[in-house]
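Student: I'd like to go through this model by asking what stands behind each label. Start me off with the vocabulary, please.

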Amino acid sequence: MDFARFEGNPDVVRLSASLLDQRESNCRDFAALKARPKVRSTVRERRRYNSLENFPLGPVTEVLNAVEFDGDEIEEAVEKVLAGGRSVIHPGVETWVRHACSTYLEVAESLAAQLMHEQVVIAPARHPRIVQVGPAEKFRALTAWGRWYESPDGSYVEFRRLRMGKPLAEQASTLAMAFVAAAGRPVVNPRELYTEIPVNVQMGHRTPQRIRVLDVGLTTGTDRVLIDMGPEEIRRAYQSSAQPIATSLLRGGSRTPGGNCVDCKARNGCDAVPVVPGLLGLAERGTHRRTWSITTSRYYEFCPAQAHLKSVHLPSEWTPGEAEMRGRDVHRWLEVAHERGVPCSSDDLPEAGAEDFGLARQLMERADYARARPYLVQHLTVCPLRGPGAVTDVRAEPRIAAYDSASDVLVLANPDLLRRVDGRLVYREQKTSAALRGITAENALDAVPQLALAVCLIAAGTFGDTDGLVELEQLHPDAVVPVLEFDTSKPEIVAAARAIIHRRVRAWHVDTEFRAKPGWWCGSCPVSRWCPDAPAGTFPGPGIRADLLADDDEPPF
């Protein structure tokens, strides 16, 4: 990427192993900038912080440090951390933190006992490791955030990655973590790990002969051994599989809008995130910069606590129902079909019993296709690529982000399809329903608030011009439903849409507590397990959708 419009030294790189979990669809420039601590935007902004703790793993780590390094009892450690944090911890997050700490210590005891059977004794390591190369002006470092353990003689090193939910397997990041354990040196002062360049490290330590990397699920109380190898084997695996990914990541490349835009150094002046002051109709800034979407508003509408607990990614207890799974299958098929840039036809939808069931074969099981096909057949008549008019600039399921500088909110949207018809922007939303829902032109903006947001986005100039059309395609298995249209050139349409969006966002914008609002919906709340205000018997539920190395040592990337 081009660093010319930034200040600072781009040759200083500190890459966290977990950043290698970035998907191809994620913004490459965000990752490249995040790994460069000396690079900053030329636009100075005073950072404002959330009054509520928004990183639940932070308090968990503090508690575990107090228990493992200071000898505190767990309850004493929890109370100390909860009372002494810079940010207020929401009651629901507090419940999860207590659970996560107890769960982890139980898993840790079990893992230590297992290793004892192998005559391996381990103890918590206070000093995390780092791989670093080069002088301060041309610096490369690789780090891993988690829990460290080692044997007294240093021959065995274990790294545990903390997962809020259940253990997962991410090959590139796992190899990077193993490489830090195998080739890294323990830091002298843990507080310097993410603040000093270079970091002072311990000299004369023994190279471990056996390295394990594990995932530990803090909610499920399960663990998974991902790597159990010697240092040379890890080095070869890292160099062949993970190092190329790290090198590519640091080059940057594409810009893709999303939730990371909130903290991205490139947000000011990024062509993927237009600035649209007044988009949400809010007169003042909130407590800090954050994201908002229609999904956010739906969670908040049911219960502010639910909205907050979902925003900090507390594990959910939720199983999608048949209607949601069918809707997902329909949307996946339509996305792939429309990405071809040609109208959908009956040839794309063979009978469910056919040997080759077309596009769906790579997307879903045959039974899922049979369930989705009736809805897709009805789509053929109203496929947006059929015209009339010249259809260009087709984008299926794009991610849209717009920054409302007046309210300091990043607004996110996911239209089902964007296209231009005879040069005019058309924004389509598609909904499936087994029964007709009574949605009309008169109530659609309120009933399907994505439409209202779409109107506001176009009218505010998010896409360049302010004249466009918003459509609602309703897919029903037994009938073709006319597509509803909303013209953003009509002041009354824009006014109605803005009123709906303002109503949905105003209370959320000024809320600093996100208190629970118990009600019938607690029975299907995906995070009710963590909510101390949820009535007894409401869990579980299906969820509501709304050191320096020598210069000739090889660098990690």
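Tutor: Helices and strands here are DSSP runs (H or I over at least four residues for a helix, E over at least two for a strand), numbered from the N terminus. With that, Pro 388 can be placed in the loop between α10 and β13 (391–396). Keep in mind that this is a predicted model, where local features need pLDDT of at least 70 and side-chain atom pairs count only at pLDDT 80 or more, while totals for chains, interfaces and linings use all residues. Residues are numbered from 1 along each chain as its sequence is written, and side-chain values use heavy atoms, with hydrogens and water left out.

Student: What makes the peptide bond from Gly 387 to Pro 388 cis?

Tutor: Its omega is near 5 degrees. Ile 197 and Pro 198 are also joined by a cis peptide bond, with omega about -5 degrees, and Pro 198 sits in the loop between β9 (185–186) and β10 (210–217). Most peptide bonds are trans, and most residues other than glycine have a negative phi.

Student: Which value of phi does Gln 119 have?

Tutor: A positive one, about 65 degrees, although Gln 119 is not a glycine. You'll find Gln 119 in the loop between α4 and β4 (123–124). Asp 408 has a positive phi too, near 60 degrees, and lies in the loop between β14 (400–404) and β15 (409–413).

Student: Why does Asp 408 count as buried?

Tutor: Buried means under 20% relative accessible area, exposed means over 50%, and partly exposed is in between (1.4 Å probe, protein chains only). Asp 408 comes in at 2%, so buried it is. Gln 119, at 71%, counts as exposed.

Student: Why is helix α12 described as largely enclosed?

Tutor: Eleven of the eleven residues of α12 (residues 449–459) are buried, so the rest of the structure largely encloses this helix. Among them are Pro 449, Gln 450, Cys 456 and Ala 459. Gly 461 follows α12 and has a positive phi, near 85 degrees.

Student: How do you know that Arg 98 is partly exposed?

Tutor: Its relative accessibility is 24%, so Arg 98 falls in the in-between class. Arg 98 is in helix α4 (residues 91–116). Glu 75, in helix α3 (residues 74–84), is at 45% and therefore partly exposed as well.

Student: What joins the side chains of Arg 98 and Glu 79?

Tutor: A polar contact of 2.6 Å. The term covers a pair of N or O atoms within 3.5 Å; within protein, one must be able to donate a hydrogen and the other to accept it, and residues adjacent in sequence count only if both atoms are side-chain atoms. Glu 75 also makes a side-chain polar contact with Arg 98, at 3.2 Å.

Student: Which residues does Arg 98 touch beyond four places in sequence?

Tutor: Glu 75, Val 78, Glu 79 and Leu 82; contact means heavy atoms within 4.5 Å. Leu 82 is 16 residues from Arg 98 in sequence, with 9.9 Å between their C-alpha atoms.

Student: Why is Asp 348 called buried?

Tutor: Its relative accessible area is 12%, so Asp 348 meets the cut-off. This loop residue, between α9 (322–339) and α10 (366–382), has a side-chain polar contact of 3.0 Å with Arg 340, and its side chain reaches the backbone nitrogen of Ser 345 at 2.9 Å.

Student: What makes a void a cavity?

Tutor: On a 1 Å grid over the protein atoms alone, a cavity is a set of points where a 1.4 Å probe fits but cannot get out, and lining residues have an atom within 4 Å of a point. Grid points are joined across faces, edges and corners, and a volume is the space filled by probe spheres set on the points. By that reckoning, the largest cavity holds about 110 Å³. Its lining has 14 residues, with Cys 27, Thr 256, Cys 261, Cys 264 and Cys 270 closest to the centre.

Student: What volume does the second largest cavity have?

Tutor: About 70 Å³. Of its 13 lining residues, those nearest the centre are Cys 303, Cys 522, Cys 525, Ser 528 and Cys 531. Ser 528 is at 5% relative accessible area, so this residue is buried, and a polar atom of its side chain lies 3.3 Å from the backbone oxygen of Cys 525.

Note on methods
1 Å grid on protein atoms, 1.4 Å probe; cavity = no way out; pocket = protein on both sides within 12 Å on 5 of 7 lines; lining within 4 Å.
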